[in-house]
Structure formats: C-alpha cells, structure tokens
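Reader: Could you walk me through one part of this model up close, and then carry on outward to whatever it leads to? Keep it casual, but give me the numbers.

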Amino acid sequence: GAIERRRAFIVAPGSNRKSVVYVANLAERLARFTEEAINSTPLLRVWNVADPYAPTQREIFNAIAVNLNRRSPPEVPFALLAAAARIADSGSFLLGRQGRFSDRVNKLRSTTVFSGEALDSALRYRPSTAFSEAVRETVAWYLRNPTEAR
C-alpha cells in the first residue's frame, strides 16, 4: 500500500534484517507438521517459523517497488524520523489518542530475525519458494485483490 502510494521510506541505512515467511512455504510446513503429528512424531513445543533468508529492510522495500513498477522508496535519516515521530506522538497525546509513531519508527529500524531452522530440520523441510519469487507472487496477489489487500 504505502510503496504503491509513494508514501513509504527506508529508515537509513536500511541494512537491518527482518525474518519473513511466505504463505505458501508456511502452508507446506503446516501440511508436513500435520503429517508428522499423525505419524506420532512428538512435535508439541513452541516453534519459530521463518524462511531461511532474512532480507534487509532495503531489500524488502526495493523488491516490492520493482514488482509494483515504482521507484525505490527514499532513504530518510533515523534522527529526522525519530524527531518527527516524537512530535507526532505529542500531538496525538494532546488529542487524546496514542499514536505511538516512535514505536513504529523504532520497529522499522530494528532487526527482527528468528531462526526457523529447528522446525525445518524436524520436518525435513526446505522452502520451495525463494524470497524474490515470494515477493513477486505476493505483489501479484495484492494487485489482483484490491479490496482484500488494502
């Protein structure tokens, strides 16, 4: 949405990594998990689910932009975004709302990488859809389903 409307930005330098999981890869894992559970393999514990490759914020935004035929979002320095977010939080507070813009900026800038390797190993699973193809398929779905996606 934001990239399509040219309202997105990369929190400089955009090198922070994010774990992602493509829906088809998740579905394949769920099918394998169900098979293993039926076959009495003890899998009852907490698992992280993530595709092996954790792209950077810049890679995610650039891949989406390319598939939308848009320019890459601009890079904005963190200090500038943090200051603007604090002002927006103050205005939000004065209006009786809790915008939490600072939290959003910090989340965009943070690295959130989780390993799904333990689950994939237990399931003897390797994702069939790579990041670039997953983005292409996701953007195509987004464009075909404007009311559901937006």
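**A close look at H1 and what lies beyond**

Author: Let's start with the inward-looking side of H1, where the buried residues are Asn25, Arg29 and Glu36. Those residues take up an arc of only 35 degrees around the axis, so they sit on the same side of H1. Bear in mind as we go that this is a predicted model. Turn to the other side of H1 and you find Val23, Leu30 and Ile38, which are exposed.

The helix itself runs over residues 23-38. Does its length fit? With 16 residues at 1.5 Å a residue, H1 should span 22 Å, and the C-alpha atoms at its ends are 22 Å apart, so the expected and modelled spans agree.

What do the buried residues of H1 pack against? The partner is helix H5, residues 117-123. One residue to look at there is Asp120, which is found in H5. Asp120 has a relative accessible area of 8%, and since buried means under 20%, Asp120 counts as buried. Skip the neighbours within four places in sequence, and the contacts of Asp120 are Arg29, Ala50, Tyr125 and Pro127. Arg29 should ring a bell, as one of the buried residues of H1.

Just past that helix comes Arg124, in the loop between H5 and H6. Arg124 has a phi near 55 degrees, a positive value in a residue other than glycine. That deserves a second glance, because most residues other than glycine have a negative phi. Arg124 counts as exposed, at 60% relative accessibility.

Follow the chain on and you get to H6, residues 131-144. The 14 residues of H6 should span 20 Å at 1.5 Å a residue, and the end C-alpha atoms are 20 Å apart, so here too the span agrees with expectation. Ala134, Val135, Val139 and Tyr142 are buried in H6. Looking down the axis of H6, those buried residues fall within an arc of 125 degrees, so they line one face of the helix.

H6 also brings us to the largest pocket, where seven residues of the lining come from H6, the largest share. The space in that pocket is about 740 Å³. In total, 26 residues line the largest pocket, and the ones nearest its centre are Ile3, Ile60, Phe61, Ile64 and Thr138. What sort of residues make up the lining? By class, 19 are nonpolar, four are polar and three are charged. Helices H2 (57-67), H4 (101-109) and H6 each put at least two residues into the lining.

H2 is worth a stop of its own. Its buried residues are Gln57, Ile60, Phe61, Ala63 and Ala65, and Ile60 and Phe61 are also among the residues nearest the pocket centre. The cover over the buried residues of H2 includes strand E1 (10-11), H4 and H6. Also in H2 is Glu59, which is partly exposed, with a relative accessible area of 30%. Setting aside neighbours within four places in sequence, Glu59 is in contact with Arg17, Tyr53 and Phe131. For a sense of scale, Glu59 and Ser90 are 31 residues apart in sequence, and their C-alpha atoms are 32 Å apart in space.

After H2 comes Asn69, with a positive phi near 60 degrees. Asn69 is placed in the loop between H2 and strand E2, residues 75-76. With 68% relative accessibility, Asn69 counts as exposed.

Over in H4, have a look at Arg104. Arg104 is exposed, with a relative accessible area of 53%. Arg104 and Ala82 are 22 residues apart in sequence, while their C-alpha atoms are 9.7 Å apart in space.

One last stop takes us back towards where we began. Which residues does the cis peptide bond join? They are Ala12 and Pro13, with omega at about 5 degrees. Pro13 lies in the loop between E1 and H1, so to speak on the road back to our helix. Most peptide bonds are trans, so that one is worth checking on your screen.

Methods. Residues are numbered from 1 along each chain as its sequence is written. This is a predicted model: local features need pLDDT of at least 70, side-chain atom pairs count only at pLDDT 80 or more; totals for chains, interfaces and linings use all residues. Side-chain values use heavy atoms; hydrogens and water are left out. On a 1 Å grid over the protein atoms alone, a cavity is a set of points where a 1.4 Å probe fits but cannot get out, and a pocket is an open set with protein on both sides within 12 Å along at least five of seven lines; lining residues have an atom within 4 Å of a point. Grid points are joined across faces, edges and corners, and a volume is the space filled by probe spheres set on the points. Helices (H or I, at least four residues) and strands (E, at least two) are DSSP runs, numbered from the N terminus. Ala, Val, Leu, Ile, Met, Phe, Trp, Tyr, Cys and Pro count as nonpolar, Asp, Glu, Lys and Arg as charged, and the others, Gly among them, as polar. The expected span of a helix is 1.5 Å times one less than its number of residues. Buried means under 20% relative accessible area, exposed over 50%, partly exposed in between (1.4 Å probe, protein chains only). The arc is that of the directions from the helix axis to the C-beta atoms. Contact means heavy atoms within 4.5 Å.
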